[in-house]
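Q: Please take a close look at one part of this model, the place where the two chains meet. What is found there, and how are the copies arranged?

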2 protein chains.
Amino acid sequence: MKKLFPLACFILFAILIFLKIAMVDPLPSWNDTHVKNNILTFVNDATNPSSHGYIAPEKRIAVFDNDGTLWQEQPTAEIAFLTTLIEHKISQDPSFAKQPAVDAVLNGDKSYLEKNPHDIYSLIQSVHEGMPVTEYQRLARHFLDTTRHPKLHKKYTDLTYKPMVELLNYLRANGFNIYICSGGSQDFMRIFAEQAYGVPPQNVIGLTKREKFIPHDRGGDILITGQIIYTNNQDEKPVGIWDRTGRTPVIVGGNVRSNGDIAMMQYGMNNPHSLQLMIVHDDPIREFKYTDSDSIQTSLKNNWNLVRMKSDWKIIFK
Amino acid sequence: MKKLFPLACFILFAILIFLKIAMVDPLPSWNDTHVKNNILTFVNDATNPSSHGYIAPEKRIAVFDNDGTLWQEQPTAEIAFLTTLIEHKISQDPSFAKQPAVDAVLNGDKSYLEKNPHDIYSLIQSVHEGMPVTEYQRLARHFLDTTRHPKLHKKYTDLTYKPMVELLNYLRANGFNIYICSGGSQDFMRIFAEQAYGVPPQNVIGLTKREKFIPHDRGGDILITGQIIYTNNQDEKPVGIWDRTGRTPVIVGGNVRSNGDIAMMQYGMNNPHSLQLMIVHDDPIREFKYTDSDSIQTSLKNNWNLVRMKSDWKIIFK
């Protein structure tokens, strides 16, 4: 009997470890609401071969918007980065500072910008034009390393949503291939998406500018031109997803603000089983409060999950 | 001593298995030439952390052209598929048959097509326009299942190059992420690339037509429009690679014919260590013989590997 004691202890210990693992909450920053339950149920079904909601591993494609879905967007980091690009352009061509649009952006003259939307478009075009993608990414990396959010006083990369990062980890652990699909610039998001979300560069789908290859003796440079080929917003999001993955996503996450994510959520409905998560910014204390009409209405109509930051999330930022 | 005999046998057996594994040739369809040696050396260095040619796993991006590099291209399957698309269009709109370009394609009237290149371009545009990508892929699948090559009398998917499929498997086993980068249509290649080469849809980079999303109650369709955004040929290949991967490839394979793959091979030279494979079609007995001037010249100048089908490959087709 005495001899069996260590064995019994070992078995008991193994059972406890097993239960502990089985009980670990994969989404600890989410409150125990029906949204969390819907996510867990969908993923359990998707990975259970005997469930009618089973999804073969190669079809487990999950797509998420970035600004307002995975990190804050008031303002978006890329709009803030525009100032860096303007200053860089002025350092190369001082006369650029004399343009009224430049003055308006640097001094936050909203009324000028609202009256002259075409000027801001030309401005964006000229600060990018002819820049090698490697130089663009160097500037963006420097911006993200050194700039803090004007109101929240943290680096932009410290303003990712903890519940969403947990969700991405949970999906990844269950065999989902995760993509970002955003109206932000692809080359901008790529420099932080891997560290912030575990999403590698090839899984970042974004606004695409025409680029050109200029060969030289030791290889060649990819230069940005001003022309935008895909805005990768609204109706262009499903097209971007198809173009880049050749698949229809089974999980799609986006957020309210400008109806930007409705189309890609709708696209997911082609699958027999799909999960849509529409994030609602309703927490002015911990984050910001803003909305749009269609995103909420369409979500209700289609039974998509409204993720209310105020009640569904225990913690907001990482 | 008797007791040790089974153990000794087991150890001997284990050593033999180990040697057998170590000696298995990963590229049995390649002759033992300097090209094969260059490939093996490059991969051994890339995966050996103590080698100065070591490449971190996330940077092991290998990119290959498709037509003439991974399967035969005389004619390309996609050109042959054009007939199917024309017949499909005629079944929907019989008046389409009356166009002179349609008549010329169906009856192989090369002189008309050479004199009227614009007609053939409009023709390609009109057979694709407004077709859902799912329908396009259904037709393409049917074509590949039922059509045989006019001279080689095999299905197109049975005309992949065995040495190249072995190479892809070998690279994959060594942690390389493999992409196809071709001037062929993305949605065409995607239907066979996974089965033929083990390359999943998201790793197929090709000619990109503008598409649009049309929502309906149960989801939505992606429709092809006639407009080509990227030909993904020549100087556009490095751009396609950057757009889709956000990386610079360390291995690039292409072939002689129309100088189509020079730029992407050149692009690989940005890396401190890169391997370029330029396939030379010099075997009119077992395949076809054709060339171009720049691909050979540029390869010689840059010390890229010329892969001569006649002497470097034991076997050609799978």
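A: What follows describes the interface between the two chains, beginning with how the copies are arranged. The model is predicted. A turn of 180 degrees with a shift of 0.0 Å along the axis lays chain B on chain A, with an RMSD of 0.1 Å. The two copies are therefore related as by a two-fold rotation axis. Both copies use the same surface, and 100% of the contact residues of chain B recur in chain A.

Now the extent of the interface. On the side of chain B, 40 residues are in contact with 40 residues of chain A. The area buried between the chains is about 3,300 Å², and carbon and sulfur atoms give 48% of that area. In chain B, the residues that lose the most area to chain A are B:Q202, B:F213 and B:W242; together they account for 19% of what that side buries.

Next come the polar pairs. Between chain B and chain A there are two salt bridges. A salt bridge joins the side chains of A:E194 and B:R247, at 3.7 Å from N to O. Across the interface, 17 residue pairs are in polar contact.

Several elements of chain B each supply at least two residues of the side that touches chain A. Among them are the helices α7 (133-146), α9 (186-197) and α10 (236-245), and also the strands β2 (177-185) and β4 (219-230). The largest share of that side, eight residues, comes from β3(B).

Definitions and conventions: Residues are numbered from 1 along each chain as its sequence is written. Chains are lettered from A and ligands numbered from 1 in the order in which they are written. This is a predicted model: local features need pLDDT of at least 70, side-chain atom pairs count only at pLDDT 80 or more; totals for chains, interfaces and linings use all residues. Side-chain values use heavy atoms; hydrogens and water are left out. Copies are superposed by least squares on the C-alpha atoms of residues with pLDDT of at least 70 in both. Contact means heavy atoms within 4.5 Å. Buried area is the accessible area (1.4 Å probe) that two parts lose on being put together, summed over both. A salt bridge is a side-chain nitrogen of Lys or Arg within 4 Å of a carboxyl oxygen of Asp or Glu. A polar contact is a pair of N or O atoms within 3.5 Å; within protein, one must be able to donate a hydrogen and the other to accept it, and residues adjacent in sequence count only if both atoms are side-chain atoms. Helices (H or I, at least four residues) and strands (E, at least two) are DSSP runs, numbered from the N terminus.
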